[in-house]
Amino acid sequence: MAGTASVAGEVFVDALPYFDQGYDAAGVREAAAALVEEETRRYRPTKNYLSYLPTPDFSAFEVMNPSDIQGVDALKDERVTAFIDLFASQTEIMRNEFERLAARQPMDLLSMKRYELPAPTSGQKNDITAWQECVNNSMAQLEHQAVRIENLEIMSQYGTNAWKFYNDNLACMIEMAQKELHKFRKQIQDLNWQRKNDQLAAGAKLRELESNWVSLVSKNYEIERAIVQLENEVAQLRQQQGDENKENIRQDF
């Protein structure tokens with residue numbers, strides 16, 4: 001149903017699925033499956049079957065700037081811009097993580113040593129410096145817990161608005177994605193309608209040409225029959241004329 005062109009990845013399709021009939025006939029599906037199976041069995045991919053494509057630009061995924069995205073009105077909102085900038089600032093962390101995964105290195109475990117309060121060892125029980133370090137560590141831990149409590153209080157006071165801000169950003173991103181999805185679906189629908197109209201028009205033209213061809217073939221057949229009949233009549237007349245000439249000659253002698 002389709003012919004492979006000289007350019008890799010380009011295929012000229014000569015089927016008209018919106019116009020052709022007989023796909024549901026008995027044995028058609030099995031015959032198509034057999035053709036696909038045969039093609040799959042004979043196909044041998046090349047070493048680099050994507051060589052005709054341009055080299056991908058992976059750097060496009062490393063930095064995200066609002067100016068890189070065109071045609072999105074929501075990006076004029078400072079909140080969305082701030083969110084995208086925040087996401088772009090994590091690129092270096094993501095790159096390091098991907099490099100770790102590529103090197104098959106284990107993830108670093110969370111160190112809990114900074115939260116421990118070890119007492120001086122048995123050999124340092126009388127060491128004032130060791131005890132001073134323990135006291136300093138305890139004061140640092142106490143200050144750390146105080147800061148955590150303060151952060152929790154701040155989150156309790158402002159966390160709701162921050163969460164609403166985050167939800168607004170998500171809603172904005174969902175709206176952008178839905179608009180893009182709707183646009184692509186409309187393009188697909190328009191393309192399918194255009195294909196259907198083109199195929200129906202081409203099918204009607206093919207049917208008209210086929211009808212003209214059948215008519216011309218029939219006329220040619222009738223003409224050939226008439227020619228053969230005339231040739232037979234001419235041959236009979238010539239034979240009859242020849243017989244009459246012979247009879248006349250015989251009577252003359």
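Which backbone oxygen does the side chain of Arg100 reach? I shall open with that question, and then turn to the structure as a whole.

The side chain of Arg100 reaches the backbone oxygen of Gln105, at 2.6 Å. Please keep in mind throughout that we are looking at a predicted model. Arg100 is found in helix 3, which covers residues 91-102. Leaving aside residues up to four places away in sequence, Arg100 touches Gln105, Pro106 and Met107. Is Arg100 buried or exposed? Its relative accessibility is 15%, and because the limit for a buried residue is under 20%, Arg100 counts as buried.

Another arginine, Arg104, offers a contrast. Arg104 lies in the loop between helix 3 and helix 4. Arg104 is exposed, with a relative accessible area of 77%. Its backbone also deserves a remark: Arg104 has a positive phi of about 55 degrees, although it is not a glycine.

Let me now step back to the overall arrangement. The protein contains four helices and two strands. Read from the N terminus, the order of the elements is β-β-α-α-α-α. Of the 253 residues, 8% count as buried. The accessible surface comes to about 22700 Å², and carbon and sulfur atoms account for 58% of that surface. As for contacts between residues at least 6 apart in sequence, 47% of them join residues at least 24 apart.

I turn next to helix 4, which spans residues 128-252. Where does UniProt place a coiled-coil region? The unreviewed UniProt entry gives this feature at residues 167-194 and at residues 220-247. In the model, residues 167-194 are 100% helix and 0% strand, and the C-alpha atoms at the two ends of the span lie 40 Å apart. Residues 220-247 are likewise 100% helix and 0% strand. The end C-alpha atoms of residues 220-247 are 40 Å apart.

Helix 4 also holds a residue with contacts to a remote part of the sequence. Gln199 lies in helix 4. Not counting residues up to four places away in sequence, Gln199 touches Leu16, Pro17, Tyr18 and Phe19. The relative accessible area of Gln199 is 10%, so Gln199 is buried.

I now come to the charged pairs. How many salt bridges does the structure hold? The structure holds seven salt bridges, and I shall discuss some of them, beginning in helix 4.

Glu175 forms a salt bridge with Lys179, and the closest N and O atoms of this pair are 3.6 Å apart. Why are these two residues separated by about one helical turn? The reason is that Glu175 and Lys179 stand four residues apart in helix 4. Glu175 counts as partly exposed, at 41% relative accessibility, whereas Lys179 counts as exposed, at 55%.

A second pair in helix 4 is Asp190 with Lys186. They form a salt bridge in which the closest N and O atoms are 3.0 Å apart. Asp190 and Lys186 are also separated by about one helical turn, because they are four residues apart in helix 4. Asp190 is partly exposed, with a relative accessible area of 39%, and Lys186 is partly exposed as well, with 46%.

Moving to helix 1, we find Glu37 and Arg41. This pair forms a salt bridge whose closest N and O atoms are 3.9 Å apart. Since Glu37 and Arg41 are four residues apart in helix 1, about one helical turn separates them. Glu37 is partly exposed, at a relative accessible area of 47%. In addition, Glu38, Glu39 and Arg42 are linked in a network of salt bridges.

Finally, I would draw your attention to a nonpolar part of the surface. Which residues make the nonpolar surface patch of about 550 Å²? The patch is made by Tyr43, Tyr49, Leu50, Tyr52 and Leu53. Leu50, one of these residues, lies in the loop between helix 1, residues 28-42, and helix 2, residues 78-88. Leu50 is partly exposed, with a relative accessible area of 42%.

To conclude, let me return to the opening residue. Arg100 is buried, and its side chain reaches the backbone oxygen of Gln105, while Arg104, in the loop that follows helix 3 and leads to helix 4, is exposed.

Technical notes
Residues numbered from 1 in each chain as written. Predicted model: local features only at pLDDT ≥ 70, side-chain atom pairs only at ≥ 80, totals over all residues. Heavy atoms only, no water. UniProt positions renumbered as here; feature names shortened; annotations may be inferred. Patch = residues over 30% accessible without salt bridge, like charges linked within 9 Å, V, L, I, M, F, W, Y side chains within 5 Å. Areas by Shrake-Rupley, 256 points an atom, 1.4 Å probe, with all protein chains shown as cover. Salt bridge = Lys/Arg side-chain N within 4 Å of Asp/Glu carboxyl O. Buried < 20%, exposed > 50% of the residue type's maximum accessible area, 1.4 Å probe, protein only. Polar contact = N/O pair within 3.5 Å; in protein donor to acceptor, adjacent residues only side chain to side chain. Contact = heavy atoms within 4.5 Å.
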